[in-house]
Amino acid sequence: MRKLVIPKYYGRPSIGLALLGCTNRPFYHVCVFPDRALGRRYEGNILEQVGTFDPLPNQKNEKLVALNFGRLKYWIGERNAHISVPVLELLGLSGLFPIHPKSFIRAKDNRALIADQQLKTVAEAAEAEKITQEQDSSGAPSTSHPQ
Amino acid sequence: MLVNCSRLSTAGGRCLLASSQMDDVIQKRHMGRRQPKQGKPPILPPAKKVLYHVVHAPWQKPEDVEELLWRRHAYNNAVISLREVFRAEIAQNASHGQGIESMKEAEALEFDELIAQNQARNDEKRAARAERESDDTKETKSVILEEIRVELEKRNAEKKRAEQEVRDVIARSAGFVNRENLETKILEALEKPTIYDFAIDRAGNKYFVPEPVKYQEGTPTRQKGRLYDQTLGTQHGTMEEAASKKQNQQSL
């Protein structure tokens, strides 16, 4: 049976993303919660907000992140807070922590994806060129024999 | 701080995905950000869709698993060390007078200083305002006094004019009828009756019907109006005749 609280970890603050925003507009606050077991759903559970994360890319294709390093250091160092994986990734990209392993895997996948797309576009371009050449070669004799 | 990680975050992030799925489920039950009161809405058993839904996460690639294993090992060690580093940093800051307490003291000092500056500025402004207001008061006072003077002069002039008017009226009322001279006035009027019941033509000739008498004798006629127009068929006076008549009167 699922326990509401795990005694070993109960009372250990947790840093995570709180989804705030509205319909079709996600927006996250990087927040400190009293415990993982109590959930991240409700505003009343938030102990402190230590940053924001906007997952929608802006016009410059940037996802903006704001982090309060001083408070994060306090919660991580002094209070031994648990940190969720998305926040760990953000911290790694921001330079406070080393890059998270998942970020490497994701970057590798993305590189493979981009390479595939490039190969596909090259292949499509080659095919289109081939078709045009065939059309030209089939069209040339027809013009050389006037009816 | 800006992090350009749009491609990185869009591709994966199962934790993010899972939390968003959970939020979808919660939002369908019309729940808000605030914690509902106990028992409201009623605690329902999980929907069948949720209860018997098994999430089949796709298997990770073996090379990824292998890479993640040693990377995670190194990463977790680094995180443990970083926790120690942060703790030491905070302790060092506190011991070197850069901790929370010193920050609080510095902020309190700055606050006091700012309050003092604000007070000084307020004092300056108060003095300037007092001076400005006294000048304004003097000016307003002079303006009001001038207005009062003008108004008083106007009223005096009006009073004099009214008094003069009343005096003129009193002077004109010398021949008026009052209780004292009522009898004599009546006798005068009886001696010199004035009758306005007449017709008049353009030359100013008056036609009395009936002829006025000083003292009424016998019974007065019952008919008050004229039987017919007495001026009908008579030679009416002309404008020239009237002018000559007027000249004659003036010459006389």
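This dialogue walks through helices, burial and contacts in a predicted two-chain model.

User: What should I know about numbering and confidence before I start?

Analyst: Residues are numbered from 1 along each chain as its sequence is written, and chains are lettered from A and ligands numbered from 1 in the order written. The model is predicted: local features need pLDDT of at least 70, side-chain atom pairs count only at pLDDT 80 or more, and totals for chains, interfaces and linings use all residues.

User: How many helices and strands does each chain have?

Analyst: Helices (H or I, at least four residues) and strands (E, at least two) are DSSP runs, numbered from the N terminus. Chain A has three helices and five strands. From its N terminus, chain A runs β-β-β-β-α-β-α-α. Chain B has seven helices and three strands. The pattern of chain B along the sequence is β-α-α-α-α-α-α-β-β-α.

User: What fraction of each chain is buried?

Analyst: Count neighbours. A residue is buried if 20 or more other C-beta atoms lie within 10 Å of its own, exposed if 12 or fewer, and partly exposed in between; C-beta atoms are placed from the backbone. In chain A, 27% of the 147 residues are buried. In chain B, 2% of the 252 residues are buried.

User: Show me a residue in chain A. Is V50(A) buried or exposed?

Analyst: V50(A) sits in strand 3 (residues 48-53) of chain A. V50(A) counts as buried because it has 23 C-beta neighbours inside 10 Å. Contacts add detail: two residues are in contact if their C-beta atoms, placed from the backbone, lie within 7 Å. Leaving out residues up to four places away in sequence, V50(A) touches I15(A), V30(A), C31(A), V32(A), L67(A), N68(A), R71(A), L72(A) and W75(A). The C-alpha atoms of V50(A) and H29(A) are 7.7 Å apart, with their positions 21 residues apart along the chain.

User: How do I check the length of a helix?

Analyst: The expected span is 1.5 Å times one less than the number of residues. Helix 4 (residues 62-95) of chain B has 34 residues. Its first and last C-alpha atoms are 49 Å apart, close to the expected 50 Å. Just after helix 4 of chain B, G97(B) takes a positive phi of about 75°. Helix 5 (residues 100-172) of chain B has 73 residues and should span 108 Å; its end C-alpha atoms are 102 Å apart, which agrees. None of those 73 residues is buried, so helix 5 of chain B lies largely in the open.

User: How do I describe two packed helices?

Analyst: Give the angle between their axes and the distance between the axes. Axes are lines fitted to C-alpha atoms, for helices over the stretch in contact, and angles run from 0 to 180 degrees between N-to-C directions. The axes of helix 1 (residues 69-78) of chain A and helix 4 of chain B come within 8 Å and cross at roughly 115°. The two helices are therefore roughly perpendicular (65 to 115 degrees).

User: Which residues make that contact?

Analyst: Helix 1 of chain A supplies K73(A), Y74(A), I76(A), G77(A) and E78(A). Helix 4 of chain B supplies R83(B), F86(B), R87(B), E89(B) and I90(B). Four of these residues are nonpolar, one is polar and five are charged. Here Ala, Val, Leu, Ile, Met, Phe, Trp, Tyr, Cys and Pro count as nonpolar, Asp, Glu, Lys and Arg as charged, and the others, Gly among them, as polar.

User: What is the burial class of E89(B)?

Analyst: E89(B) counts as partly exposed because it has 15 C-beta neighbours inside 10 Å.

Key
Parallel < 35°, antiparallel > 145°, perpendicular 65-115°, else oblique.
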